[in-house]
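Biologist: I would like a close look at one part of this model, with the contacts spelled out. Here is the entry.

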Amino acid sequence: MHLPDGTAIPYADLAAGAAGLDPVRGTPLRDPSEWRLVGQPMPRLDIEAKSTGQPIYGLDLEIPRMARASVRMNPNKGAALNAFDASAAEAMPGVERIFAIPGGVAVIASNTWYAFQALDAITYDWAAATYPRLSETQALAVAPADVATEVTRLQTAGDALLASGAVNEGTALHEEAAA
């Protein structure tokens with residue numbers, strides 16, 4: 001951007017012209033005796049304060065009657081919350097409010113510990129994931145794409161259980177796993 005008049009030129013418009021320029025060669029480097037910053041110790045100015053717990057962060061803020069919140073989301077990423085029973089959590093000390101949010105539950109309490117404890121006391125009915133849960137199911141779901149592009153092939157070679165020593169040839173576990 002040309003700052004005085006505000007004219008803007010997209011980088012892509014400049015790149016083609018720049019690609020045709022010869023690189024600058026033979027630029028003399030500054031003598032190390034003239035260096036002001038390179039090779040000099042640069043202590044961070046906040047090390048002492050951070051090491052002694054002096055800085056004030058958002059978590060350090062305390063105001064009168066301040067509440068804390070915590071959430072629990074469906075462990076099936078992106079899936080919904082069907083229902084929940086918070087009756088046990090509502091009777092716990094410090095719990096101010098419990099409500100559903102998209103895909104989970106939020107608890108507002110007088111401190112973080114109470115919010116965590118309330119979340120553990122709630123019974124959840126999570127919706128199932130919208131994606132396949134098993135590796136075999138996932139492989140079958142993408143198999144048509146593999147065949148169509150011929151980029152990836154699933155392959156079974158050897159006997160991992162036997163090679164690892166986890167089973168002996170002929171044991172029931174080995175025969176069940178091989179089936």
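How many aromatic pairs does a search of the whole structure find? Please take the answer from there to the residues around it.

Modeller: The model is predicted. Searching the whole structure gives one aromatic pair. Its members are Tyr124 and Trp126, and because the ring planes lie at 5°, with the centres 4.7 Å apart, the pair counts as stacked. Planes under 30 degrees apart meet that term.

Each partner leads to another part of the model. Trp126 is among the residues touched by Asn74, together with Ala79, Ala80, Gly103 and Ala127, leaving aside residues up to four places away in sequence. Asn74 sits in the loop that runs between strand E1 (68-73) and strand E2 (81-85). With a relative accessible area of 6%, Asn74 is buried. Polar atoms of the Asn74 side chain lie 2.7 Å from the backbone nitrogen of Asn76 and 2.6 Å from the backbone oxygen of Ala80.

Tyr124 leads to the largest nonpolar core, which has 14 residues; Tyr124 is one of those with the most contacts inside it, as are Ile98, Val105, Val107 and Ile122. At least two residues of this core come from each of strand E3 (95-101), strand E4 (104-109), helix H4 (112-121) and strand E5 (123-126). Ile98 touches Val105, Val107 and Ile122, and also Phe84, Ala86, Ala89, Glu90 and Ala106, again leaving aside residues up to four places away in sequence.

One further ring contact involves a charged residue: Arg97 lies over the face of Phe99, 4.5 Å from the ring centre.

Key
Residues are numbered from 1 along each chain as its sequence is written. This is a predicted model: local features need pLDDT of at least 70, side-chain atom pairs count only at pLDDT 80 or more; totals for chains, interfaces and linings use all residues. Side-chain values use heavy atoms; hydrogens and water are left out. Rings of Phe, Tyr and Trp (its six-membered ring) pair if their centres lie within 6.5 Å; planes under 30 degrees apart count as stacked, over 60 as edge-to-face and the rest as tilted. A charge sits over a ring if NZ of Lys or CZ of Arg is within 6 Å of the ring centre and within 35 degrees of the ring normal. A nonpolar core is a set of buried Ala, Val, Leu, Ile, Met, Phe, Trp, Tyr and Cys residues joined through side-chain atoms within 4.5 Å. Buried means under 20% relative accessible area, exposed over 50%, partly exposed in between (1.4 Å probe, protein chains only). Helices (H or I, at least four residues) and strands (E, at least two) are DSSP runs, numbered from the N terminus. Contact means heavy atoms within 4.5 Å. A polar contact is a pair of N or O atoms within 3.5 Å; within protein, one must be able to donate a hydrogen and the other to accept it, and residues adjacent in sequence count only if both atoms are side-chain atoms.
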